[in-house]
Amino acid sequence: MCTVCGCSEGNVRIEGELSHSHEHHSHDHHTHSHDHDVIDEQGDNLHFGKGPAHAHVAGMSQSRMVQIEQDILVKNDRYAAINRARFEAQSLFVLNLVSSPGSGKTTLLTETINRIKSERKVAVIEGDQQTANDADRIRETGVPAIQVNTGKGCHLDAHMVGHAMDKFTDLEGGILFIENVGNLVCPAAFDLGEAHKVAILSVTEGEDKPLKYPDMFHAAELMILNKVDLLPHLSFDVEKCIEFARQVNPEIKVIQLSATSGEGMSEWIEWLDQNRKGMIQNRIDQLAAEMNKFKALI
Amino acid sequence: MHEMSIAEGIIQVLEEQATEQSYQKVKTVWLEIGPLAMIETEALSFCFEAVTRDTLAERATLHIINTTGEAFCMQCLKNVPISQRYDSCPECGSHQLQVVAGDEMRIKELEVE
């Protein structure tokens, strides 16, 4: 799948997308032609289409060397920067939740939403290869959710998130959770424009996961150890797990909780609140500095 | 798994550059990949061959230049070599390391015509 728009073998769909064509957003960045429908609608879901990138070889000439020094993920990063600017403009606090499948992300989300939805706008982008099951679970809490099916894709990319964002109205000052595809490998490489990555690890997994999947734990600001209510029945060594996580990321914060029993949930809600405020404060400081700079010019 | 996306990304860069630098065919690609770039180079070579079919880089040779990883050790206050995210400082054993190099993944050079 193309890191830019999910074209090629990826079969991505975003719920609620109405267009079949590729024309509703600018693709002037593409130099390859799209002789296929890239976005396909199925009910409330949207598929990013498929079909390989085609380019044709024309004339032949002398071969020569070209130095280009270009980052391969530059396009994803460009989209991520656009997303980030968009989030900032709305003071929208965005978290990219990453974990293995079955770590309890969706349950954690529904429990979190139930605790904060009365005082804060909340929305969710759900990434899965197939089905809208998770988005349905989120919608039961009453907050808007958009399901993005990545098809064969193993991660969400910034372009998909940009599309999904178009589906929401008025999230100003709120919190957007992006539940990435359950995968501890690929999502680490793709910036979505989020404020933070949050890695969720359940105690039913091995405590050495941070060492087995170091890139993910390195990229995350916060590790949530979920399902701690099950600890009495397991041989999971919490201290060791935290130690392993700090080996790959000395700065990582850790919150132990159980979305089912509610233990530790208040610490997590507090973290959300503090960091959301912190983000807005940073923005205020930035704008104030800019304003002072301009005032000095009058 | 995401090596396929990365290979697609390479093709896009090549196509973009084809217009800018006016070439029609790519014969060789030199990639610089660090040990911390989350790339399995064998998988990438395999994907590269698959995605270049019917593109301007069909049958192009892919050369991967493996760079080395480096981190700043907060105990020793200097840069030390590392090859994994969870490596400790080879001199003092500390894990208080800040990666400074080795996560790059870029196209360095092309042979085109």
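**Cysteine positions and overall form of chain B**

In the predicted model, B:Cys89 counts as buried because 20 C-beta neighbours fall inside 10 Å, a count that meets the threshold of 20 or more other C-beta atoms set for a buried residue. The residue is found in the loop of chain B that runs between strand S4 (78-82) and strand S5 (97-101). When residues up to four places away in sequence are not counted, B:Cys89 touches B:Cys73, B:Gln75, B:Cys76 and B:Val80, together with B:Ser94 and B:Leu97.

The loop between S4 and S5 of chain B also holds B:Cys92, but this cysteine counts as exposed, because it has 12 C-beta neighbours inside 10 Å and the exposed class takes in residues with 12 or fewer. With its neighbours within four places in sequence left aside, B:Cys92 is in contact with B:Cys73, B:Gln75 and B:Cys76, and these three residues also appear among the contacts of B:Cys89.

Both loop cysteines belong to a set annotated in the database record: under "binding site", an unreviewed UniProt entry lists B:Cys73, B:Cys76, B:Cys89 and B:Cys92. Although these positions span 20 residues in sequence, no two of their C-alpha atoms are more than 8.8 Å apart, so the four gather at one spot.

Backbone geometry draws attention to another loop of chain B, between helix H2 (41-52) and strand S2 (61-66), in which B:Asp54 lies. The phi angle of B:Asp54 is near 65 degrees, a positive value in a residue other than glycine. B:Arg59, which lies in the loop between H2 and S2 of chain B, likewise has a positive phi, near 60 degrees. Most residues other than glycine have a negative phi. As for their surroundings, B:Asp54 is partly exposed, with 13 other C-beta atoms within 10 Å, whereas B:Arg59 is exposed, with 10 such atoms within 10 Å.

At the level of the whole chain, chain B contains two helices and six strands, and from the N terminus on its elements follow the order α-β-α-β-β-β-β-β. The radius of gyration of chain B is 17 Å, well over the 13 Å that the globule rule gives for 113 residues, so the chain is more spread out than a compact globule. Along the principal axes, the C-alpha trace of chain B spans about 50 × 25 × 15 Å. Buried residues account for 47% of the 113 residues in chain B, and among contacts between residues at least 6 apart in sequence, 71% join residues at least 24 apart.

Definitions and conventions:
Residues are numbered from 1 along each chain as its sequence is written. Chains are lettered from A and ligands numbered from 1 in the order in which they are written. This is a predicted model: local features need pLDDT of at least 70, side-chain atom pairs count only at pLDDT 80 or more; totals for chains, interfaces and linings use all residues. UniProt positions are given in the numbering used here, feature names are shortened, and annotations may be inferred rather than shown by experiment. Helices (H or I, at least four residues) and strands (E, at least two) are DSSP runs, numbered from the N terminus. Two residues are in contact if their C-beta atoms, placed from the backbone, lie within 7 Å. The radius of gyration is taken over C-alpha atoms; the globule rule is 2.2 Å times the number of residues to the power 0.38.
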